[in-house]
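Take a look at the model below. This report walks through its metal sites and then turns to a sheet.

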Amino acid sequence: MTRIVRLAARLDEPLLVTAPVNVRYLTGFVSSNAALQVDPAGDATLYTDFRYAEAARSVEDVKLEETARNLLGALAERLAGRRIAVEAAHLSLASADVLRGGGVELVATTGLVEALRAVKEPGELEHLRRAATISDRVFGELAREPFVGRTEAELAWWIEQAWHEAGADGPSFAAVVAFGENGARPHAHPRDAAIPEGTLVVVDAGCSVAGYLSDCTRTFFTAEPEGRLLELYELCLGAQGDGLAAVRPGASGQDVDAASRVAIGEAGLGERYGHGLGHGVGLEIHEAPTLRPESDSVLEPGNVVTVEPGIYLPGDVGVRIEDTVVVTDDGCERLTTVTKEPIQVG
Ligand code: ZN
Ligand code: ZN
């Protein structure tokens, strides 16, 4: 069954898909100005303007309607008087006003296409595996690069180039390279600050292959791994192992998240692990399902999620260890497999 047919089976009224990533998922068509109307019977109409029409003609199983560049204005005219479901999380208030102003009755929906995207097909898994394999290679090479004396920004640029050289299409997000107190910020920006000896360096990076993304974090030592930094690292690694062990079909996002908090909580550092355990990855770096305390996700085979506990000591250091895994019939399989042994970099 095609993705459009599977989506149609879940609809009560025609759905106007406007999120570019969802249009891409359903049709393979990449455009910043397109909308896909899917009817409950399974018919689909792709709307786009002259600039994309040529490419849109190759999309199978959809009727193409070329519109003016003002796509929403054109849709307001074409759909006037009809009741249409829209993606409430992606349609701006201004766009909704244009449609309503044209006499379209809007029905808010959320997560319909996202729910399909959360369960990966074999072809999608192939792209995700390829991205993860490239990630393993680049993280392996990174561990042999000199760190001490280079700036966070320099290493982030090294990583960005390495993705291209290793055969990826590019980065999946701006790489995080953060030592010391910057590593204590989960979403740190690389600074023009030279990495010193004797600290921890958090590196969170990923690449893109055919639109599918990888996500991996490793924390490196610029000293012999020992003492309190090694204890912190091993606490985080243990928590990550507990999270990985809890990932299986039927497990809730809340329970998997909770499993990763036990050891860190017992060490008195629960407050220093202030984010969720993980998130889905696919065409977007954060997508369904979620692993966090307020998650309402229940895992199923084919979900691809990250498992990434962290411990952040403000003004001091941070550590995070992250793998991307696919949920299997009885547990999970790691897609990112580069070593998690504590590594001293030069
Ligand atoms: Zn990450
Ligand atoms: Zn992540």
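## The site of ligand 1

The zinc ion (ligand 1) has an irregular arrangement, because its four donor atoms subtend angles of 55 to 150°. To count as tetrahedral, all angles would have to lie between 85 and 135 degrees. Keep in mind that this is a predicted model.

Which protein atoms hold the zinc ion (ligand 1)? Asp-204 is listed twice, each time through an OD atom. Asp-215 (OD) and Glu-322 (OE) complete the set. These donors lie 2.0 to 2.6 Å from the ion. Along the chain, their spacing reads D-x10-D-x106-E. The pair Asp-204 and Glu-322 links distant parts of the chain, 118 residues apart. Asp-204 sits in strand β9 (residues 200–205). Glu-322 sits in the loop between β17 and β18.

## The site of ligand 2

The zinc ion (ligand 2) has these protein donors: Asp-215 (OD), His-279 (NE2), Glu-308 (OE) and Glu-322 (OE). They lie 2.1 to 2.2 Å from the ion. The spacing of the donors along the chain is D-x63-H-x28-E-x13-E. Here, too, a pair links distant parts of the chain: Asp-215 and Glu-322 are 107 residues apart. Asp-215 is in the loop between β11 (212–213) and β12 (216–221).

What is the geometry of the site of the zinc ion (ligand 2)? The site is irregular, with angles of 76 to 149° among the four donor atoms.

## Two ions, shared residues

How far apart are the zinc ion (ligand 1) and the zinc ion (ligand 2)? The distance is 3.1 Å, and Asp-215 coordinates both ions. Glu-322 appears among the donors of ligand 1 and among those of ligand 2.

Are these donor residues buried or exposed? Buried means under 20% relative accessible area. Asp-215 has 3% relative accessibility, so Asp-215 counts as buried. Glu-322 is at 0%, so Glu-322 is buried. Asp-204 has a relative accessible area of 8%, so Asp-204 is buried as well.

## A six-stranded sheet

Now for the sheet. Six strands form an open sheet with mixed pairing, in the order β4-β3-β2-β1-β5-β6. The edge strands, β4 (63–67) and β6 (105–109), each pair on one side only. From one strand to the next, the twist averages 30°.

Strand β1 (residues 15–17) pairs with strand β5 (residues 83–87) in the parallel sense, over two bridges. Leu-16 has Val-86 in β5 as its bridge partner. Helix α4 (residues 71–78) lies across β1, β2 (34–38), β3 (44–49) and β4. The helix α4 runs at about 115° to β4.

Technical notes: Residues numbered from 1 in each chain as written. Chains lettered and ligands numbered in written order. Predicted model: local features only at pLDDT ≥ 70, side-chain atom pairs only at ≥ 80, totals over all residues. Heavy atoms only, no water. Donors = N, O, S within 2.8 Å, 3.2 Å for Na, K, Ca; no water. Tetrahedral: all angles 85-135°; square planar, octahedral: opposite > 155°, others 65-115°. Helix = DSSP H or I, 4+ residues; strand = E, 2+ residues; numbered from the N terminus. Buried < 20%, exposed > 50% of the residue type's maximum accessible area, 1.4 Å probe, protein only. Pairing = 2+ DSSP bridges. Axes fitted to C-alpha atoms, helices over the stretch in contact; angles between N-to-C directions. Contact = heavy atoms within 4.5 Å.
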